[in-house]
Each structure stands twice: as structure tokens, then as C-alpha cells.
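Notebook open, coffee poured. I want to go through this one contact by contact and jot down what I find.

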Amino acid sequence: AKHTDQHEGRLYSIPLQEVKAVFPHGLPHRFQQQIQTFNEARVMVRRPALEILGYLKGSNLAHPAVRYVIYGERGTGKTMTLCHVVHYCSRQGWLVLHIPDAHLWVKNCKELFHSSYNKDRLDQPLQASVWLKNFKTSNERFLEEIKTQRKYIWGKRESTEEGRPLREVVEQGLARVRSASDAVGVLLRELKLQSPRGSFRLLVAVDGVNALWGRTTLSKEDKSPVAPEELTLVHNLRKMLRNDWSGGAIVTTLSQTGSLFKPSSAYTPQELLGKEGFDALDPFVPIPVPNYSPREFESCYGYYLERRWLQHEKAHTEDGKAELQFLSGSNPRQLDRLAGPL
Amino acid sequence: TLRLICTTTAVQKRNVGASGPEKYTEAFIKKQIEEFNLGKRHLANMMGEDPETFTQEDIDRAIAYLFPSGLFDKQARPLMKHPTEVFPEQRKIQWGEDGRPFHFLFYTGKQSYYSLMHETYEKFLNVQKHQDQLTAQDLPLQKEKRNLAGSRWLTKIELEEMLLEKVSDDDYSRFIRLLQKLVALPCADIEEKYIQKFSKEVPVQLQKVVIEPLQHDERGVAFSTGEGKRKTARATAVVYDNGTGKITVNGIDILHYFPVLQDREQLLFPFQFLGRIGKHDMVCTVSGGGRSAQAGAIRLASAKALRSFVTEKEVEFMRQAGLLTVDPRVKERKKPGQEGPRRKFTWKKR
């Protein structure tokens with residue numbers, strides 16, 4: 001969908017099949033509920049998203065990948081902006097590497113295995129396999145086209161030859177859960193090596209990128225805490241996020257809601273990323289996401305009215321609208337929660 | 001063995017306490033007054049001040065300094081006052097050595113009441129005579145109305161204190177009716193002094209709350225301030241005109257300061273009531289109390305500030321809606337013998 005500045009504040013809908021194909025795992029939970037209720041997915045076009053799209057259109061693919069960091073207070077729509085960008089890129093035909101929430105990889109992991117590839121690191125088979133499954137659904141056709149460049153040995157008996165399509169790597173990872181994280185690593189490396197060639201364009205979209213440099217809640221068997229570098233998934237992802245490849249773009253979001261050990265009022269890149277993360281991501285384009293502007297608020301309110309989401313009689317009046325705006329402080333999440341019981 | 005037939009008067013007295021409150025003799029009172037004055041001079045010496053110009057307030061302050069007491073009841077604390085204030089006025093003995101009473105109405109039982117009624121009726125007749133004289137001379141009758149609205153008659157208790165004897169309800173109402181009849185006469189001004197003994201000024205009860213006018217700051221925007229409190233929280237609010245509806249508390253936006261919807265609804269209430277949600281900006285400072293108390297305090301402060309922006313009728317509406325009244329509910333004190341203010345200890349049968 002081609003959007004320009006005039007479309008700011010309007011909502012555009014995505015057909016449901018595309019939603020399932022492009023976003024198997026990316027959308028926020030509440031938005032998924034809303035899709036189910038309304039039977040359609042409508043995303044609002046907002047200024048930050050338009051900014052990113054403009055940069056993407058104008059970016060030169062021969063240069064190293066530009067990094068964009070979307071940040072803002074809680075509930076202002078960062079994940080939704082990311083999804084908007086992802087959808088646009090998939091429509092344009094890019095290969096999308098979408099990681100729904102990096103925080104899921106650093107906390108609440110039930111199984112941790114020592115990596116076969118590298119003795120120091122730890123594997124997370126569950127999360128890796130889940131992610132591989134979703135990646136398969138979202139990027140079916142690319143998996144056929146891209147070929148591996150090296151031979152990879154998974155275990156005693158399995159190995160992948162050179163020149164085989166990436167689909168086999170993915171299926172290998174899914175079949176043998178133990179080596180799923182290594183499969184992910186292989187995938188990422190292949191994509192990185194091949195994208196400068198220009199046959200396809202790569203978009204790396206990571207939500208909750210501050211998880212990669214913070215602390216983890218996991219611990220090893222001897223109860224010592226695990227640093228993020230020791231996790232294979234995190235390590236490989238960090239390699240992706242470095243600037244040394246070209247032919248695509250990296251769009252990331254900071255998220256405070258899932259972040260560990262950080263105060264709830266922190267929302268700037270410096271605070272949430274920490275010194276390490278900030279240095280690693282250093283030359284990036286920051287994109288703040290504010291609360292709704294009056295126009296956006298009106299359009300959102302109009303949408304709820306249209307779909308008869310607001311049942312209360314007083315919600316239809318001007319006073320009701322002013323009240324909603326006051327109480328929610330023009331924060332999208334608050335508005336959503338307020339409008340729910342009405 | 002001798003049986004005592006005639007018993008002493010001490011045993012004959014049945015009830016010692018039935019004779020009524022102690023009677024103080026005049027000599028006793030005089031002695032108390034002398035002691036008080038001496039004590040006053042000693043106290044002044046002790047405090048290093050001039051004995052001649054030592055007033056009652058100075059005495060109170062000195063006593064409070066020398067005998068600090070933590071008792072809550074002010075009347076239970078150490079007290080040094082003139083004996084006439086301490087000892088209640090009592091009737092001196094009404095008859096002389098020969099047993100003959102001084103007053104001619106003594107045997108009526110209520111001598112002072114009847115003498116008062118007689119006096120008042122005398123004045124009444126006086127006024128009527130004066131009135132007849134004036135009509136006989138065809139002079140205009142003076143008609144200067146006393147200010148009845150600002151004065152009230154003495155209450156029954158006050159009358160009892162004045163007469164030093166009990167007055168029944170009937171008698172009291174008769175006396176008041178007589179006074180009213182007296183005042184109703186046109187020429188009652190002659191006995192004005194006598195009537196003033198029985199009337200008291202009523203202080204003006206209705207204090208109209210003054211609504212402050214709007215002030216203007218440097219940019220020319222009109223604003224007004226208000227203060228509010230609730231439970232232990234104190235808040236001050238400054239409401240600016242021509243705003244967008246943004247509210248800042250202690251420098252923080254309300255979305256961040258009050259994450260709970262209920263508190264934000266409390267803030268919204270005054271503006272919503274007047275229908276001015278998006279028109280005013282507000283900057284407030286609040287301290288003390290908990291989250292709900294702070295919200296209530298800010299609500300009261302903003303309602304008080306909005307009074308200057310709004311007509312009197314709407315102020316009356318706000319008052320009736322309860323937006324302008326201070327909430328008197330405070331934490332109740334824990335009582336001894338109970339676990340909390342109301343909760344008793346668990347009752348065990350044995």
C-alpha cells in the first residue's frame with residue numbers, strides 16, 4: 001500500500017490471509033483480539049511510520065544497512081509501527097526477518113542445553129523452533145530461492161551440502177529440536193552473506209531489542225546467572241545487527257514492558273539499552289513515537305464508533321469524546337483499555 | 001452497760017451530700033482573692049516581669065510554661081484565675097440574725113424572679129404613661145425601630161445565672177413575652193438601657209465566601225489558584241485559561257502520576273461538571289496522604305480555583321454537587337481494649 005503524508009491519521013485494512021502469512025507471530029496480543037472481534041485488521045497510519053517508510057524508499061542499498069530505533073513511552077504504538085513497516089516491506093517483496101519480542105528469548109526459558117557447536121554457549125531449543133516455524137510461514141518463497149554456501153554438519157549422521165535450498169536447513173532445525181538454535185544461526189549467517197549480492201532485500205525487524213544487551217533471568221545448573229552473550233540466539237542476532245552488511249535495513253523497537261530490571265519510567269534509548277547496547281547500535285536513526293495527535297485521536301474514536309465498539313450512550317456525544325481524551329491522555333493503549341468496557 | 005439513746009447530731013445527719021454544694025462564706029472568698037493577688041505578684045517576680053502590669057494572659061502563659069501538661073481537655077490543665085471566675089456565684093444568706101428575711105418577696109420562693117417581673121411591669125407602665133402624655137400633647141411618637149434582627153433575648157440558662165435561682169420554662173416564657181410587649185410599644189426607647197440588659201448581639205453567621213477575581217500573568221493569560229485537602233494530603237492548584245486540557249502534577253503528567261483510572265476520573269470531575277474539559281490548563285503541587293487522598297485534594301483545589309471563572313449560579317451548583325466541601329473523614333483513633341477503631345478482639349468463650 002502506497003502511503004504518503006496525506007494519509008496520516010487514516011486507517012487502512014489488511015486482508016486476513018495476508019495477516020496470517022506475514023504476521024504469524026508479530027502482532028501485540030490486544031491487537032490480535034481486536035482483529036478477532038472486528039473480523040478485520042486496521043492499522044493506523046502515523047507519522048513515525050511514514051518517516052521510516054520514506055527513509056526506506058530513499059535508502060541506497062549499496063551502503064551498509066541503516067539502523068532505525070523506534071522508542072517512546074509505554075503504550076504509544078511502537079510495536080504497531082514496526083508491524084506497519086514489516087507489512088509494507090513484505091508487500092514490496094523484501095525478505096523479512098521478524099523477531100516478535102527478543103525479551104522472550106532471555107526470560108522464562110524452561111530448557112537450556114549446552115551448545116554442540118560452541119562449548120561456552122547455551123541453546124534454547126523451544127524458542128528457536130517456534131521462531132523457525134513462524135519464519136517458514138512468513139517467507140515461504142524465499143526459502144526455495146536461497147541456497148546455502150557452505151556445508152554444515154548437524155550431528156553424526158545429518159549434514160547439509162552446499163547449494164541446497166534454505167528450506168532444508170529450516171526443516172532440519174524443526175525436525176531435530178536440539179540443533180534448532182544452530183539452524184537459526186546458520187540461517188542468519190547465510191542471509192547476511194547473500195543479501196549484499198542484491199537478489200533480494202533484507203529487512204531485520206526486532207522488537208524489544210534492549211533485551212539483547214540487558215540481563216537475563218536465566219541461570220545455569222550451578223545457579224550462576226547467564227549473560228546474554230552466552231545464548232546462541234542472542235549472539236547470532238547481535239551479529240546480524242552489526243552494520244557490516246548492505247542491501248537492506250534494520251528496524252528495531254525498544255520496549256520497557258518486557259524489559260528486565262529497568263525502572264518503569266525509562267524510555268529513552270540510552271536508559272533502556274545500557275552503555276553496551278548503545279555503543280553496539282551506535283550510528284542509528286532514532287524515531288520517537290508520541291501519543292495520539294488530535295487528528296489521530298479523532299480518527300480512532302470515529303473508527304470505534306463506526307464499528308459500534310462504544311456502547312455507552314454518552315460516548316457518542318462531544319462531552320464523551322472530550323472525557324475519553326482527557327482520561328486516556330491521548331495514549332493509544334489507555335484509550336483501548338478505556339473503550340473496552342464501554 | 002449503757003445504751004446510748006440520745007445520739008449525736010453527727011450520726012443523725014443521714015446524708016452528708018444531700019445538703020447541696022458547699023457554701024462559701026464571704027470571708028473565704030475574700031481570703032482567696034488576697035491569696036490570688038499575692039500569688040500573681042510572686043509569679044510575676046518569678047517570670048522576671050513587672051508585678052504591676054501582669055495581665056491574665058500573662059498568667060496563663062506563665063502557668064502553661066511552668067506546668068506543661070499533655071492532657072487533651074483544656075479544662076483539666078493547671079489553672080490560675082481570679083476567684084470570682086473559679087468559684088461559682090452563690091446566694092448569700094437571705095435572712096438576718098433575727099431570722100427575718102431581707103427581701104420582701106422571700107416567702108414566694110422565687111424572690112428574684114418575681115422582683116424582676118415587678119420591675120419590668122413598672123417600666124411597662126412608665127412607658128405607657130409617657131405615651132399617653134405625648135398623645136395628650138399631640139406630639140409625634142418617636143418611631144426608631146430597634147434592630148431586632150441582630151439581637152436575641154437571654155436564654156433560660158443565662159437568666160438563671162443572672163438571677164442565681166432556678167427558673168422554670170413557663171416563667172421564662174412569661175418573662176420573654178413581657179419583654180416583647182414592652183419593646184413593641186412605640187416609646188420604648190426611654191427604657192432602652194434596661195432592655196439592653198436582657199438582649200444580646202448575635203454575630204453575623206452567614207459569612208459569604210468571597211470569590212477571588214481572576215489574576216493575569218505575564219503573557220496575559222487569566223489564571224486563578226485554589227487550595228484543597230483530604231485526609232492528610234494538601235494540594236494547591238493553578239488553573240490557566242485558553243488551554244488544551246493538559247494537567248501537570250508536581251511537574252509530572254497526570255498519566256504518569258496517576259496510573260489508576262479512578263484517580264484521573266476524580267481530577268476530571270470538576271471540569272466535566274462545568275463542561276470545560278478542554279479549555280483549561282492546570283499546574284498543581286500536592287504533598288502528603290496516599291494516592292486517593294491526593295486525587296481528592298487536587299479535585300477540591302481545582303474546584304475552588306474554577307469558581308473565579310464561573311457564574312454564581314454554577315458556583316451554587318458546584319456546592320450542591322459537593323465539589324466545594326472539605327471531606328471531614330479522617331482515620332479514626334484506635335481505642336484501648338480493642339484491636340482497631342471498631343474491631344474488638346476475638347471473643348473466646350472460655
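How many salt bridges does the rule find across the interface of chain A and chain B? I looked, and the count is zero. Note to self: this is a predicted model.

**Entry 1: the interface as a whole.** I next checked which residues touch. On chain A, 11 residues are in contact with 11 residues of chain B. The two chains bury about 970 Å² between them, and 69% of that is on carbon and sulfur atoms. I then asked which three residues supply the most of what chain A buries against chain B. They are Glu323(A), Phe326(A) and Leu327(A), with 62% of chain A's buried area.

**Entry 2: helix against helix across the chains.** I followed those residues into their helix. Glu323(A), Phe326(A) and Leu327(A), along with Ser328(A), are the residues of α13(A) that meet α10(B). From the chain B side I wrote down Leu261(B), Arg264(B), Glu265(B), Leu268(B) and Gln272(B). By class, this contact has four nonpolar, two polar and three charged residues. So there are charged residues in the contact of the two helices, yet the rule finds zero salt bridges across the interface.

For the geometry, I took α13(A) as residues 318–328 and α10(B) as residues 261–274. Their axes come within 9 Å and cross at roughly 135°. That angle makes α13(A) oblique to α10(B), because the roughly antiparallel class needs an angle over 145 degrees. The crossing is right-handed.

**Entry 3: the other neighbour of α13(A).** I stayed on α13(A) and turned to α12(A), residues 294–306. Here the axes come within 11 Å and cross at roughly 120°. α12(A) and α13(A) are therefore oblique to each other, and their crossing is right-handed. From α12(A), I noted Phe297(A), Glu298(A) and Tyr301(A), which meet Lys321(A), Leu324(A), Gln325(A) and Ser328(A) in α13(A). This contact divides into three nonpolar, two polar and two charged residues. I put a mark by Ser328(A), since I had it in the list with α10(B) and I have it again in the list with α12(A).

**Entry 4: backbone check in chain B.** Last, I went through phi values. Where does Lys231(B) sit? I found Lys231(B) in the loop between β4 (222–230) and β5 (233–240) of chain B. Its phi is near 65°, a positive value in a residue other than glycine. Asn250(B) also goes on the list, with a positive phi near 50°. Asn250(B) is in the loop between β6 (247–249) and β7 (252–253) of chain B.

Terms used. Residues numbered from 1 in each chain as written. Chains lettered and ligands numbered in written order. Predicted model: local features only at pLDDT ≥ 70, side-chain atom pairs only at ≥ 80, totals over all residues. Heavy atoms only, no water. Axes fitted to C-alpha atoms, helices over the stretch in contact; angles between N-to-C directions. Helix = DSSP H or I, 4+ residues; strand = E, 2+ residues; numbered from the N terminus. Parallel < 35°, antiparallel > 145°, perpendicular 65-115°, else oblique. Left-handed = near helix turned anticlockwise from the far one by under 90°. Contact = heavy atoms within 4.5 Å. Nonpolar A, V, L, I, M, F, W, Y, C, P; charged D, E, K, R; others polar. Buried area = accessible area lost by both parts, 1.4 Å probe. Salt bridge = Lys/Arg side-chain N within 4 Å of Asp/Glu carboxyl O.
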